[in-house]
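Trainee: I have the sequence and the structure open. Can we go through them step by step?

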Amino acid sequence: MSAFAEAIAPVINAANVNVHASAVRAVADLSTASGLTPGLLSDLRFSLPLRPLTRRGLEVLFRYGEVAGDLLEHLRQGALVEEPDGVLRLTDGGRDFIHSLYEVHAAAVERVWAGSDLGEAAELVGRAVDAAERLPGGAFELVSPPYEPEGASPGLLLFNRLAVLRYYRADAHAAAWQAAGLSAAEIVGLADGPLRAGIEADTNRRAGQAYRTLSERERDTLYETLLKLI
C-alpha cells in the first residue's frame, strides 16, 4: 500500500486546493456578511459541529503552526466559546457560519468538478476513513468521523472526506518523524537527503493502512477519478 499512498497523496492535495481556490471570493463575501473570520472554522468545519475541542487538541491539529491568534479572534467574534473546563464549543453563530460555508463549498464543487460522477469515489474515501487507524493523541481521531450535512451531494461528501483523510496522513507523517527522533521544528527545516527520504517512506508505509480495505480495482478507480478532478 505504500506506493499507492505515495501516489495518491499529491492528487488528494491538489483536489482539495482546487475547491478552496474556487471558493475564495464567496468565502470572503460570507465573512464580510457575517462578521466572522473563516480561520479555524474552515479547517474544522467537519469536526466542530459534532464534537468540542480543547486548546491541546488545536495544537495537535495544527502542529506546525501557531493558532492562538485565530482562536482569540474566534472567541472575540463570538463564533466559539470556551467553557470553564477549557472545552471549546461552537456558538449558534459559529454553527450558522459553518452551515453557510458548506453551501459555499457545495457550489464550488459543482463548478470545478462539474459533470463528474463522484458517488463511488465518495463511498470509497468514506470506507478508507472508516478503516483508518485512530492513533491516540493524534489529529485524525479529533476530526473523524466527519460531520456531514443532511442532503450533502456526493461531491461535497468527497471534498470533506478527502480533507479528513489528509489528517490521517498528517498523523502518519508525525509518527514517522517522531520515530526518527525529530521535533516538529526540525522536520519543517529538514533538507532533502537520506533522512528525509526515509521519513517519507515510513510515512507512506503508515498512511497506506487506510487503503487496505479497498480492492485493487477500487484503488485504481479512486485514483483515476481524483486525477480527473485536478
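Trainee: Which side chain meets that of glutamate 200 in a salt bridge?

Mentor: A salt bridge here is a side-chain nitrogen of Lys or Arg within 4 Å of a carboxyl oxygen of Asp or Glu. The N to O distance for this pair is 3.5 Å. The partner of glutamate 200 is arginine 196.

Trainee: What should I know about the model itself?

Mentor: This is a predicted model, where local features need pLDDT of at least 70, side-chain atom pairs count only at pLDDT 80 or more, and totals for chains, interfaces and linings use all residues. Residues are numbered from 1 along each chain as its sequence is written, and side-chain values use heavy atoms, with hydrogens and water left out.

Trainee: By about how much of a helix are glutamate 200 and arginine 196 separated?

Mentor: Helices (H or I, at least four residues) and strands (E, at least two) are DSSP runs, numbered from the N terminus. Both residues lie in helix 10, residues 194-207. They are four residues apart, so the separation is about one helical turn.

Trainee: Is arginine 196 buried or exposed?

Mentor: Buried means under 20% relative accessible area, exposed over 50%, and partly exposed in between (1.4 Å probe, protein chains only). Glutamate 200 has 26%, so it counts as partly exposed. Arginine 196 has 17%, so it counts as buried.

Trainee: At what angle do helix 8 and helix 10 pack?

Mentor: Axes are lines fitted to C-alpha atoms, for helices over the stretch in contact, and angles run from 0 to 180 degrees between N-to-C directions. Helix 8 covers residues 154-179, and its axis is 8 Å from that of helix 10. The angle is about 135 degrees.

Trainee: Which residue of helix 10 that meets helix 8 is a threonine?

Mentor: Contact means heavy atoms within 4.5 Å. Helix 8 brings residues including Tyr168, His173 and Trp177. Helix 10 brings residues including Arg196, Glu200 and Thr203. The threonine is Thr203.

Trainee: Which residues does asparagine 160 touch?

Mentor: Asparagine 160 is in helix 8. Its relative accessibility is 2%, so it counts as buried. Not counting residues up to four places away in sequence, asparagine 160 touches Arg45, Phe46 and Tyr102.

Trainee: How far apart are the C-alpha atoms of leucine 165 and alanine 132?

Mentor: Leucine 165 also lies in helix 8. It counts as buried, at 4% relative accessibility. Leaving out residues up to four places away in sequence, its contacts include Ile12, Val125 and Tyr211. Alanine 132 is 33 residues away along the chain, yet the C-alpha separation is 8.5 Å.

Trainee: What is the relative accessible area of histidine 105?

Mentor: Histidine 105 sits in helix 5, residues 92-112. Beyond its neighbours within four places in sequence, it contacts Val19, His20, Ala23, Ser42, Arg45, Leu156 and Phe159. Histidine 105 is buried, with a value of 1%.

Trainee: How many residues apart in sequence are the parts tied together by glutamate 218 and arginine 127?

Mentor: Their side chains form a salt bridge, 2.8 Å from N to O. Glutamate 218 is in helix 11 (residues 216-227) and arginine 127 in helix 6 (residues 119-131), so the pair ties together parts that are 91 residues apart.

Trainee: Which residues are linked with Arg127 in a network of salt bridges?

Mentor: Arginine 127 is partly exposed, at 25% relative accessible area. Glutamate 218 counts as buried, at 13%. The residues linked with Arg127 are Glu123 and Glu218.

Trainee: In what order do the three strands form the open sheet?

Mentor: Two strands pair if DSSP finds at least two bridges between them. The pairing in this sheet is antiparallel. The order is 1-3-2.

Trainee: Why is one side of strand 1 left without a neighbour in the sheet?

Mentor: Strand 1 (53-54) and strand 2 (80-82) stand at the edges. Strand 1 pairs with strand 3, residues 87-90, over two bridges. Each edge strand has a single partner strand, so one side has no neighbour in the sheet.

Trainee: Which residue in strand 3 stands opposite leucine 53?

Mentor: Look along the antiparallel pair formed by strand 1 and strand 3. The residue opposite leucine 53 is leucine 88.
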